[in-house]
Amino acid sequence: MAKSEKKKDKELSYNELVAKRDELKRKYMDFRFQAVVGHVENPVQKRTMRREIARLNTFIHQQDLEKFRKAALESIAAKN
């Protein structure tokens, strides 16, 4: 995967990241099924897809943490 594509993924919104991850998970499951049933041309693609899913999960988790931190700071500010 090119670095420019990774940067583009980092700039996606939360909903776009989740949609992309879900689509990639679906493709990964289809790929696994194809590997069991028949021949797969590029077996390394399975590892690549797993890593892409993990990277997207990382970006999603970072955005979740950012939202949580903002909410916590707003809560603290409201008490003062």
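A residue counts as buried under 20% relative accessible area, as exposed over 50%, and as partly exposed in between. The exercises below apply these cut-offs to a predicted model.

**Exercise 1. Decide whether Val36 is buried or exposed, and state which surface feature includes this residue.**

Step 1. Val36 is placed in helix H2, which covers residues 14–37.
Step 2. The relative accessible area of Val36 is 72%, and the cut-off for an exposed residue is over 50%, so Val36 is exposed.
Step 3. Together with Phe33 and Val37, Val36 forms a nonpolar patch on the surface, and the accessible area of these three residues comes to about 360 Å².
Step 4. As a general background to this result, nonpolar side chains in soluble globular proteins tend to be buried together.

**Exercise 2. Find which residues make up the largest nonpolar core, and which elements give two or more residues to this core.**

Step 1. The largest nonpolar core has eleven residues, namely Leu17, Val18, Leu24, Tyr28, Phe31, Val40, Met49, Ile53, Leu56, Phe59 and Ile60.
Step 2. Two or more residues of this core come from each of H2 and helix H3, the latter covering 44–79.
Step 3. For the protein chain as a whole, 20% of the 80 residues count as buried.

**Exercise 3. Describe the fold of the protein chain, and set its radius of gyration beside that of a compact globule of 80 residues.**

Step 1. The secondary structure consists of three helices and zero strands, and reading along the sequence gives the pattern α-α-α.
Step 2. Whereas a compact globule of 80 residues would have a radius of gyration near 12 Å, the value for the protein chain is 17 Å.
Step 3. The C-alpha trace, taken along its principal axes, spans about 65 × 25 × 15 Å.

**Exercise 4. Work out which salt bridges Asp9 forms, and which parts of the chain they link.**

Step 1. The structure holds six salt bridges, and one of them joins Lys20 to Asp9, with the closest N and O atoms 2.5 Å apart.
Step 2. Because Lys20 lies in helix H2 and Asp9 in helix H1, this pair ties together parts that are eleven residues apart in sequence.
Step 3. Asp9 also meets Arg55 in a salt bridge between their side chains, with an N to O distance of 2.8 Å. This pair links distant parts of the chain, since Asp9 is in helix H1 and Arg55 in helix H3, 46 residues apart.
Step 4. The relative accessible area is 3% for Asp9, which is therefore buried, and 15% for Arg55, which is buried as well. Lys20, at 31%, is partly exposed.

**Exercise 5. Classify both partners of the salt bridge between Arg21 and Asp22, and then name the residues that shared partners join into one network.**

Step 1. The side chains of Arg21 and Asp22 meet in a salt bridge with an N to O distance of 3.5 Å.
Step 2. Arg21 is buried, with a relative accessible area of 17%, while Asp22, at 38%, is partly exposed.
Step 3. Salt bridges that share partners join Asp9, Lys20 and Arg55 into one network.

**Exercise 6. Establish how confident the predictor is in the chain, and which elements have the lowest and the highest mean pLDDT.**

Step 1. The mean pLDDT of the protein chain is 91, and 95% of its residues reach 70 or more.
Step 2. Among the elements, helix H1 (residues 3–10) has the lowest mean pLDDT, at 74, and H2 has the highest, at 95.
Step 3. When the salt bridges of Asp9 are read, it can be kept in mind that Asp9 lies in helix H1, the element with the lowest mean pLDDT.

Notes. Residues numbered from 1 in each chain as written. Heavy atoms only, no water. Patch = residues over 30% accessible without salt bridge, like charges linked within 9 Å, V, L, I, M, F, W, Y side chains within 5 Å. Areas by Shrake-Rupley, 256 points an atom, 1.4 Å probe, with all protein chains shown as cover. Salt bridge = Lys/Arg side-chain N within 4 Å of Asp/Glu carboxyl O. Helix = DSSP H or I, 4+ residues; strand = E, 2+ residues; numbered from the N terminus. Buried < 20%, exposed > 50% of the residue type's maximum accessible area, 1.4 Å probe, protein only. pLDDT = per-residue confidence, 0-100. Core = buried A, V, L, I, M, F, W, Y, C linked by side-chain atoms within 4.5 Å. Rg over C-alpha atoms; globule rule 2.2 N^0.38 Å.
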